[in-house]
Amino acid sequence: MSSFDSYTTIKKECQQQYNIQRSRFIALAYPVKSAEEAMNFVALLRKEYFDATHVCWAYAIGVERAESRHNDDGEPSGTAGRPIYGQIVSADLSNVLVAVVRYFGGVKLGTGGLIEAYREGAKLVLESAEREEVLLHDNICIQFNPSLTGEIMHRIKQHEATVTGQDFIEGQSVIYCSLRKSGSQRLIETINAIYGAEASLKE
C-alpha cells in the first residue's frame, strides 16, 4: 500500500516465459529509481533481444506513480504498453519497469488477444516478484540553546525521529535527525514552539 511518503516496489529483477499461439513471450521486471534508469534497461533489452519482433514496456516512478510511460514498440496502439502499465497499477507498485519481449510465431492474435497476452505477461512476472515497502524520509536540522538539550531530545524521541548527527556552532547546539515525511512538519512545528530552538528541513 502506498501513501504520500511511501511506496511498494520489487526487490530484484525477475523473469517469466510463456507461449501463446506459437508466439514466445518473455516478461521481465526491474526495480528502478528513475526514468533514466528505466530507459537504460530498455536499451539493454533491445540489444539483448535484438532478434525479437517486439520489446514492449511500461514503467512507473515515484509516490502514487507520479511519473509513468509505456510503449507498444510496433504492436497496434494500446495493445501492449498500456495493459503492461495497467498491471503495475493493479499491483500497486512503483519504481518498477516491466518489459515483455515477443517472438512472433506466425499466428496473429488480434487486438483482444494481444491485450490479454501482454497483460498476462506483466501479471505473471509481477506476481513472481518479491516486494518491499520504501519509506521516504526528511532530514531536519535543529538549533537550540544547550540548556534545552533534555527537552529537545524528548521531542525527537516523541516524534520517532532518528538522530543522525550533532554539532556545536557559535554557542548553539545542533542536532540533525531523520524521520518519515508524514511526521516531519509536526516535529518542526513542535520545536519552533520552544523558545530558544529552531528547526528546519535540511536539503
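This is a chat about the sheets, aromatic pairs and largest pocket of a predicted model.

Biologist: Hi! Let's begin with the sheet that holds S2. What is the strand order there?

Modeller: Happy to help. That open sheet has 5 strands in the order S2-S3-S6-S4-S5, and the pairing is antiparallel.

Biologist: Which strands are at its edges?

Modeller: Strand S2 (14-20) and strand S5 (67-71) are the edge strands, and each of them pairs on one side only. On average, neighbouring strands in this sheet are turned by 15° against each other, with direction ignored.

Biologist: And how many bridges join S4 to S6?

Modeller: Strand S4 (residues 54-61) and strand S6 (residues 96-103) are joined by 7 bridges and run antiparallel. To give you a residue to look for, histidine 54 has arginine 102 in S6 as its bridge partner.

Biologist: Nice. Switching to rings: how many aromatic pairs does the structure hold?

Modeller: There are 4 aromatic pairs. One of them is phenylalanine 25 with tyrosine 118, an edge-to-face pair with 5.6 Å centre to centre and 90° between the planes. This pair links distant parts of the chain, since phenylalanine 25 sits in strand S3 (residues 23-31) and tyrosine 118 in helix H3 (residues 110-127), 93 residues apart.

Biologist: Is phenylalanine 25 buried or exposed?

Modeller: Phenylalanine 25 is buried, with a relative accessible area of 0%. Tyrosine 118 is buried as well, and its relative accessible area is 0%. Ring pairs also bring in Tyr18, giving a cluster of Tyr18, Phe25 and Tyr118.

Biologist: What about tyrosine 30 and phenylalanine 41, how are those rings arranged?

Modeller: Tyrosine 30 and phenylalanine 41 are stacked, at 4.3 Å centre to centre and 20° between the planes. Tyrosine 30 is in strand S3 and phenylalanine 41 in helix H1 (residues 35-48), so the pair ties together parts that are 11 residues apart in sequence.

Biologist: Which accessible areas do tyrosine 30 and phenylalanine 41 have?

Modeller: Tyrosine 30 has a relative accessible area of 5% and is buried. Phenylalanine 41 is at 22%, so it counts as partly exposed, because buried means under 20%.

Biologist: OK, new topic. What is the order of the sheet with 4 strands?

Modeller: The order is S9-S10-S8-S11, in an open sheet with antiparallel pairing. Strand S9 (162-169) and strand S11 (197-201) stand at the edges with a single partner strand each, so one side of each has no neighbour in the sheet. The average turn between neighbouring strands here is 20°, direction ignored.

Biologist: How many bridges are there between S9 and S10?

Modeller: S9 and S10 pair over 7 bridges in the antiparallel sense. Along that pairing, glycine 165 stands opposite tyrosine 176 in S10.

Biologist: Where does aspartate 138 lie?

Modeller: Aspartate 138 is in strand S8 (residues 137-144). Aspartate 138 is buried, with a relative accessible area of 12%. Its C-alpha is 6.5 Å from that of serine 184, although aspartate 138 and serine 184 are 46 residues apart in sequence.

Biologist: Last one: which residues line the largest pocket?

Modeller: The lining includes His137, His159, Glu160, Arg180 and Arg186. Strand S10 (172-180) and helix H5 (181-192) are the elements that give two or more residues to this lining.

Biologist: How much space lies in the largest pocket, and what is the lining by class?

Modeller: About 160 Å³ of space lies in the largest pocket. By class, its lining has 2 nonpolar, 6 polar and 3 charged residues.

Note on methods:
Residues numbered from 1 in each chain as written. Predicted model: local features only at pLDDT ≥ 70, side-chain atom pairs only at ≥ 80, totals over all residues. Heavy atoms only, no water. 1 Å grid on protein atoms, 1.4 Å probe; cavity = no way out; pocket = protein on both sides within 12 Å on 5 of 7 lines; lining within 4 Å. Points joined across faces, edges and corners; volume = space filled by probe spheres on them. Nonpolar A, V, L, I, M, F, W, Y, C, P; charged D, E, K, R; others polar. Pairing = 2+ DSSP bridges. Axes fitted to C-alpha atoms, helices over the stretch in contact; angles between N-to-C directions. Phe/Tyr/Trp six-rings, centres within 6.5 Å; stacked < 30°, edge-to-face > 60°. Buried < 20%, exposed > 50% of the residue type's maximum accessible area, 1.4 Å probe, protein only.
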